[in-house]
Amino acid sequence: MRTSVFVGISLDGFIARSNGAFDFLSGAEGEPHGYDEFFATVDAIVMGRNTYETVLPFPKWPYGEKPVFVLSTRPLPPAPDGAVVEHMEAAPAEVLSRLAARGLDHIYVDGGITIQRFLRAGLIHRLTITRVPVLIGTGIPLFGPVDADIHVGHIATRHLAGGAVQSEYAIDLLRSGSGV
Ligand SMILES: NC(=O)c1ccc[n+]([C@@H]2O[C@H](COP(=O)([O-])OP(=O)(O)OC[C@H]3O[C@@H](n4cnc5c(N)ncnc54)[C@H](OP(=O)(O)O)[C@@H]3O)[C@@H](O)[C@H]2O)c1
């Protein structure tokens, strides 16, 4: 099983403003940044409740018929017609073992708190981070506290139009103390 993160952030490391808005990411639009190609490779999405509540009002459900597992300790608002959404409340390792048991192999993990919990559990393999050249000062951070250093290997960096920089990293799970 593989887990990947694909996010856009401000130069100072935020995935959204404190109110959830991500208007500042529009600086990375206008040039293909590989999201569609990435999305085509994933079997399922695991996201936190806050991300689910952010995408729910979108005019079009962005995940097609791919299964979306929403993590929350509370009941979820209903999913839009045609969306394949399942509520889960479990620790990251348990979530992945349930998905693996269903034959799902490549998992896209999304949402700040959720990414941080999976990283901390040593359960993220790939990070693709598109850094948009703007400082927003405060907001929802991509990264948070870790129990021990997490070693990442740089795979590639490319410049996008408008000054965004996209870097891909593989996480060295063995060196970081996890054998997953
Ligand atoms: N820039 C980007 O590329 C990007 C990507 C994704 C999201 N975003 C933005 O990020 C914001 C959301 O991120 P966020 O950090 O607030 O949170 P999030 O990860 O989307 O959601 C966090 C919530 O998910 C639930 N949760 C997470 N792990 C759980 C587990 N193992 N078991 C049960 N519940 C669990 C908890 O909700 P409860 O305790 O309430 O149940 C937790 O408070 C939104 O504004 C979204 O637009 C930006």
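**Exercise 1. Surface and charge**

Find how much area the protein exposes, and what share carbon and sulfur atoms supply.

*Solution.*
- Step 1. The model is predicted. In it, the protein exposes about 9300 Å².
- Step 2. Carbon and sulfur atoms supply 55% of that area.
- Step 3. Now take the charges. There are 14 positive and 19 negative side chains. The centres of the two sets lie 3 Å apart.

**Exercise 2. Overall form**

Decide whether the radius of gyration agrees or disagrees with that of a compact globule.

*Solution.*
- Step 1. Start from the length. The protein has 180 residues, so a compact globule would have a radius of gyration near 16 Å.
- Step 2. Compare. The protein has 16 Å, which agrees.
- Step 3. Look along the principal axes. The C-alpha trace spans about 45 × 40 × 30 Å.
- Step 4. Add burial. Buried residues make up 39% of the 180.

**Exercise 3. Elements and contacts**

List the order of helices and strands from the N terminus on.

*Solution.*
- Step 1. Count. The protein has four helices and ten strands.
- Step 2. Read along the chain. The order is β-β-α-β-α-β-β-α-β-α-β-β-β-β.
- Step 3. Check how far the contacts reach. Take those between residues at least 6 apart in sequence. Of these, 67% join residues at least 24 apart.

**Exercise 4. The largest nonpolar core**

Name the residues that touch the most other members of the largest nonpolar core, and the elements that give two or more residues to this core.

*Solution.*
- Step 1. The core has 24 residues. Val-46, Leu-99, Ile-107, Phe-118 and Ile-124 touch the most other members.
- Step 2. Two or more residues come from each of β1 (2-10), β3 (44-48), β4 (67-71), α3 (92-101), β6 (106-110), α4 and β7 (126-132).
- Step 3. Another core lies apart from this one. It has 14 residues, among them Tyr-52, Trp-61, Tyr-63 and Tyr-108.

**Exercise 5. Helix α4 and Phe-118**

Pick out the buried residues of helix α4, then trace the contacts of Phe-118.

*Solution.*
- Step 1. Helix α4 covers residues 112-120. Its buried residues are Gly-112, Thr-114, Ile-115, Gln-116, Phe-118 and Leu-119.
- Step 2. Set aside the neighbours of Phe-118 within four places in sequence. Phe-118 is then in contact with Val-46, Leu-71, Pro-92, Val-95, Leu-96, Val-109, Leu-123 and Ile-124.
- Step 3. Move past the helix. Gly-122 follows α4, and its phi is positive, near 70 degrees.

**Exercise 6. Two residues of strand β4**

Classify Leu-71 and Val-68 as buried or exposed.

*Solution.*
- Step 1. Place Leu-71. This residue lies in strand β4.
- Step 2. Apply the cut-off. Buried means under 20% relative accessible area. Leu-71 has 15% relative accessibility, so it counts as buried.
- Step 3. Leave out neighbours within four places in sequence. Contacts of Leu-71 then include Val-46, Met-88, Thr-114 and Phe-118.
- Step 4. Turn to Val-68, also found in strand β4. Val-68 has a relative accessible area of 0%, so it is buried.
- Step 5. Not counting residues up to four places away, Val-68 touches Ile-45, Met-47, Trp-61, Tyr-63, Val-84, Val-85 and Glu-86.

**Exercise 7. A loop residue**

Locate Ala-161 and state its exposure class.

*Solution.*
- Step 1. Ala-161 is found in the loop between β9 (152-159) and β10 (165-171).
- Step 2. Partly exposed lies between the 20% and 50% limits. Ala-161 has 43% relative accessibility, so it counts as partly exposed.
- Step 3. Ala-161 and Phe-24 are 137 residues apart along the chain. Their C-alpha atoms are separated by 15 Å.

Definitions and conventions. Residues numbered from 1 in each chain as written. Predicted model: local features only at pLDDT ≥ 70, side-chain atom pairs only at ≥ 80, totals over all residues. Heavy atoms only, no water. Rg over C-alpha atoms; globule rule 2.2 N^0.38 Å. Buried < 20%, exposed > 50% of the residue type's maximum accessible area, 1.4 Å probe, protein only. Contact = heavy atoms within 4.5 Å. Areas by Shrake-Rupley, 256 points an atom, 1.4 Å probe, with all protein chains shown as cover. Lys, Arg positive; Asp, Glu negative; His and termini not counted. Charge placed at Lys NZ, Arg CZ, Asp CG, Glu CD. Core = buried A, V, L, I, M, F, W, Y, C linked by side-chain atoms within 4.5 Å.
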